[in-house]
Amino acid sequence: MSFREQTSQQVTTQPLMSKFLPAVLVVAAFSVGAVAHIQPALAGTCAAKCPPAPIQFVPGQRITYEVVNLTSSLVQMQKVVGTDPIPLNPGQVVSFTRGGGTDPNLSLLLWDATGLPLGVRLAKPNARTLRIEVRPGGRPPGDRTIYLRDDGRVAVY
């Protein structure tokens with residue numbers, strides 16, 4: 001390539017670069033400005049605001065279930081595995097034991113006799129007890145099923 005060809009090539013690329021340079025500088029300025037407003041995330045512990053740990057039991061362990069009716073109306077409870085509903089009067093506590101072998105997953109259905117929505121609060125007062133407190137309230141249809149899976153985890157639906 002001769003000197004003349006190199007010079008003509010430089011002349012044609014310089015105007016092209018001068019057209020894009022202001023646009024590149026504007027984009028860079030906006031990018032730097034946007035980064036300046038980002039707050040860095042700090043990792044830490046949740047010492048004061050930790051969510052409660054999920055309730056879980058040892059798979060196959062015998063568990064005592066305590067179902068407490070804290071509503072002012074009659075609540076019906078039914079184990080899904082072919083049982084009739086059990087009525088729970090206001091303030092009544094019903095206990096039963098399950099597990100310790102090859103028991104399948106346990107599902108309890110709960111409903112208010114008057115059709116009101118229910119809320120369920122689970123507690124684990126000791127290593128082998130699941131306390132199910134049935135309370136009034138919640139959005140319709142409310143909490144209706146407690147499901148203890150064979151892996152030991154408990155869920156409310």
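**Exercise 1. Strand β5 and its partner**

In which sense do strand β5 and strand β8 pair, and over how many bridges?

*Solution.* The model is a predicted one. Step 1: locate the two strands, β5 at residues 106–112 and β8 at residues 145–148. Step 2: read the direction and extent of the pairing, which is antiparallel and covers four bridges. Step 3: identify one pair within this ladder; Leu 106 has Leu 148 of β8 as its bridge partner.

**Exercise 2. The hairpin of β8 and β9**

Determine how β8 pairs with β9, and describe the connection between these strands.

*Solution.* Step 1: β9 comprises residues 154–156 and is joined to β8 by three bridges, with the two strands running antiparallel. Step 2: assign the opposing residues. Ile 146 lies opposite Val 156 of β9, and Leu 148 lies opposite Val 154 of β9. Leu 148 is also the bridge partner of Leu 106. Step 3: examine the connection. Five residues lie between the strands of this hairpin, and Gly 152 adopts a positive phi near 95°.

**Exercise 3. The five-stranded sheet**

Place β5, β8 and β9 in their sheet, and state which strands form its edges.

*Solution.* Step 1: the strand order is β3-β2-β5-β8-β9, in an open sheet of five strands with antiparallel pairing. Step 2: the edges are β3 (86–88) and β9, each of which pairs on one side only. Step 3: for the geometry, neighbouring strands of this sheet are turned by 20° against each other on average, with direction ignored.

**Exercise 4. The four-stranded sheet**

What is the strand order of the open sheet with mixed pairing, and why is one side of β4 and of β6 left without a neighbour?

*Solution.* Step 1: four strands make up this sheet, in the order β4-β1-β7-β6. Step 2: β4 (93–98) and β6 (118–126) are the edge strands; each has a single partner strand, so one side of each lacks a neighbour in the sheet. Step 3: neighbouring strands here are turned by 20° against each other on average, direction again ignored. Step 4: consider the pairing of β1 (residues 63–69) with β7 (residues 129–136), which is parallel and rests on six bridges. Within this pairing, Val 68 stands opposite Glu 133 of β7.

**Exercise 5. Salt bridges on β1 and β7**

Trace the salt bridges that involve Glu 66, Arg 131, Glu 133 and Arg 135, and classify the accessibility of these residues.

*Solution.* Step 1: the whole structure contains six salt bridges. One of them joins the side chains of Glu 66 and Arg 131, at 3.2 Å from N to O. This pair connects distant parts of the chain, since Glu 66 belongs to strand β1 and Arg 131 to strand β7, 65 residues apart.

Step 2: follow Arg 131 onward. Arg 131 also forms a salt bridge with Glu 133, whose closest N and O atoms are 2.9 Å apart. Glu 133 in turn meets Arg 135 in a salt bridge of 2.7 Å, N to O.

Step 3: classify accessibility, with buried meaning under 20% relative accessible area. Glu 133, at 8%, is therefore buried. Glu 66 is partly exposed at 22%, as are Arg 131 at 24% and Arg 135 at 32%.

Step 4: assemble the result. Through shared partners, salt bridges unite Glu 66, Arg 121, Arg 131, Glu 133 and Arg 135 in one network.

Definitions and conventions. Residues are numbered from 1 along each chain as its sequence is written. This is a predicted model: local features need pLDDT of at least 70, side-chain atom pairs count only at pLDDT 80 or more; totals for chains, interfaces and linings use all residues. Side-chain values use heavy atoms; hydrogens and water are left out. Two strands pair if DSSP finds at least two bridges between them. Axes are lines fitted to C-alpha atoms, for helices over the stretch in contact, and angles run from 0 to 180 degrees between N-to-C directions. A salt bridge is a side-chain nitrogen of Lys or Arg within 4 Å of a carboxyl oxygen of Asp or Glu. Buried means under 20% relative accessible area, exposed over 50%, partly exposed in between (1.4 Å probe, protein chains only).
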